[in-house]
Amino acid sequence: MATDTGTGAAVTFQSGLLAAITSIDWSMSREAIETTSMATSGRRTYIPAGNADAGEITVEADLDDQVELWADTVEAAAETITVTFPGSVTWAASGFTTSSSFSIPNDDKMTASLTFKLTGDVTVG
């Protein structure tokens with residue numbers, strides 16, 4: 001299987017927030033909770049599968065003329081966030097902003113970094 005670049009990937013928000021996205025990072029996890037007791041058979045540790053966490057998405061983008069929309073993201077309600085991979089496969093989940101930072105340098109482009117905590121299931125399309 002060949003490795004592909006991220007060119008053509010996109011993030012869309014239910015609220016309509018759009019930007020020149022430069023990077024998308026999505027981390028997922030599943031916590032392993034040991035439930036072994038003295039009654040567990042086979043002298044093995046028992047760790048059930050489950051408790052999946054949809055994770056977080058961090059989006060890096062050029063800060064553009066939608067500054068008003070960017071500022072509202074921290075207080076916004078959860079919304080559907082869809083990541084489209086090159087080749088048009090999509091992953092979608094509900095999420096809300098947990099952090100944002102903005103860089104406004106004197107002689108360079110303005111940038112933004114937003115992190116979204118995802119809730120519920122991830123829908124793959």
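How much space lies in the largest pocket? About 190 Å³. The model is predicted, and the points below take the pocket and then the sheet.

1. **Pocket lining.** The residues that line the largest pocket are Asp-4, Thr-5, Gly-6, Ala-9, Ile-24, Asp-25, Trp-26, Val-83, Thr-84, Phe-85 and Pro-86.

2. **Chemistry of the lining.** By class, the lining of the largest pocket has 6 nonpolar residues, 3 polar and 2 charged. Asp-4 and Asp-25 are the charged ones. Trp-26 and Phe-85 are among the nonpolar ones.

3. **Strands at the pocket.** Strand 2 (20-30) and strand 4 (79-84) each give at least two residues to the lining. Strand 2 gives the largest share, 3 residues.

4. **Sheet order.** The model has an open sheet of 6 strands. Their order is 1-4-5-6-3-2, and the pairing is antiparallel. Strand 1 (10-13) and strand 2 are the edge strands, each pairing on one side only. On average, neighbouring strands of this sheet are turned by 35° against each other, direction ignored. As a general point, strands of a sheet pair through backbone hydrogen bonds, either parallel or antiparallel.

5. **Strands 5 and 6.** Strand 5 covers residues 90-103, and strand 6 covers residues 111-124. The two run antiparallel and are joined by 11 bridges. Ser-103 stands opposite Thr-111 of strand 6.

6. **Where pocket and sheet meet.** Strand 2 is an edge strand of the sheet. Strand 2 also supplies the largest share of the pocket lining. Strand 4, another contributor to the lining, sits between strands 1 and 5 in the sheet order.

Methods:
Residues are numbered from 1 along each chain as its sequence is written. This is a predicted model: local features need pLDDT of at least 70, side-chain atom pairs count only at pLDDT 80 or more; totals for chains, interfaces and linings use all residues. Side-chain values use heavy atoms; hydrogens and water are left out. On a 1 Å grid over the protein atoms alone, a cavity is a set of points where a 1.4 Å probe fits but cannot get out, and a pocket is an open set with protein on both sides within 12 Å along at least five of seven lines; lining residues have an atom within 4 Å of a point. Grid points are joined across faces, edges and corners, and a volume is the space filled by probe spheres set on the points. Helices (H or I, at least four residues) and strands (E, at least two) are DSSP runs, numbered from the N terminus. Two strands pair if DSSP finds at least two bridges between them. Axes are lines fitted to C-alpha atoms, for helices over the stretch in contact, and angles run from 0 to 180 degrees between N-to-C directions.
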